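Work through the exercises below with the structure in view. Try each task before you read its solution.

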Amino acid sequence: MNTEPIPAGPVRFDTKIAVLLREDLEPWQRLNVTAFLVSGLGSQVPEVVGEPYEDADGVGYLPMFRQPVLVFEGSKEMLKAAHGRALSRALPRAVFTSDLFATGNDRDNRAAVRAVPTAELDVVGLAVYGPRNGVDKVLKGARMHP
């Protein structure tokens with residue numbers, strides 16, 4: 001059983017995990033895209049993942065992100081601009097394009113992204129991680145998801 005004390009007071013992070021979704025997505029698409037995007041960050045940026053969980057009976061659970069994931073929305077043009085800013089800042093990122101709604105597996109997903117030049121990607125979702133100020137600049141003009 002885990003006996004670590006829970007720290008008192010709010011925890012502030014120097015980093016930010018954010019997802020930017022295109023505002024015209026259907027509700028099921030928003031959830032699906034968000035889940036896919038954050039899985040990429042968790043697999044490649046190990047410092048975003050906390051310790052495993054355990055309940056009072058000693059049953060273990062998988063670790064999750066150690067900090068909140070903030071979800072934003074914006075227009076198609078905003079996604080394109082944010083994608084460019086994330087690339088120019090070399091922030092860890094995950095991308096979801098409109099083509100991925102027509103595929104059904106990882107191999108086809110990767111092939112669909114690979115088939116399109118960077119400037120022509122129809123980005124419907126973008127996840128970024130990095131210093132708070134860098135992520136804020138990538139998301140400039142985006143609004144919090146309702």
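**Before you start**

R22 is buried, with a relative accessible area of 11%. Here buried means under 20% relative accessible area, exposed means over 50%, and partly exposed lies in between (1.4 Å probe, protein chains only).

The model is predicted: local features need pLDDT of at least 70, side-chain atom pairs count only at pLDDT 80 or more, and totals for chains, interfaces and linings use all residues. Residues are numbered from 1 along each chain as its sequence is written, and side-chain values use heavy atoms, with hydrogens and water left out.

**Exercise 1. Find the salt-bridge partner of R22, and place R22 in its network.**

Step 1. Use the rule: a side-chain nitrogen of Lys or Arg within 4 Å of a carboxyl oxygen of Asp or Glu.
Step 2. R22 meets the side chain of D24, at 2.8 Å from N to O.
Step 3. Check the partner's surroundings: D24 is partly exposed, at 49% relative accessible area.
Step 4. Widen the view: a network of salt bridges links R22, D24, K76 and D122.
Step 5. The whole structure holds nine salt bridges.

**Exercise 2. Examine the salt bridge between D106 and R110.**

Step 1. The closest N and O atoms of D106 and R110 are 3.0 Å apart.
Step 2. Both residues lie in helix 3 (residues 106-114). Helices are DSSP runs of H or I, at least four residues, and strands are runs of E, at least two; both are numbered from the N terminus.
Step 3. D106 and R110 are four residues apart, about one turn of the helix.
Step 4. R110 counts as partly exposed, at 43% relative accessibility.

**Exercise 3. Does the span of helix 2 come from 13 residues at 1.5 Å each, and which residues does the helix bury?**Step 1. The expected span is 1.5 Å times one less than the number of residues.
Step 2. The 13 residues of helix 2 (residues 76-88) should therefore span 18 Å. The end C-alpha atoms are 19 Å apart, which agrees.
Step 3. The buried residues of helix 2 are M78, L79, A82, H83 and A86.
Step 4. Seen down the axis, these buried residues fall within an arc of 135 degrees, so they line one face of helix 2. The arc is taken from the directions from the helix axis to the C-beta atoms.
Step 5. The face turned away from the buried side carries the exposed residues E77 and S88.
Step 6. Among the elements that cover the buried residues are strand 1 (15-22), strand 4 (69-74) and helix 4 (132-138). Contact here means heavy atoms within 4.5 Å.
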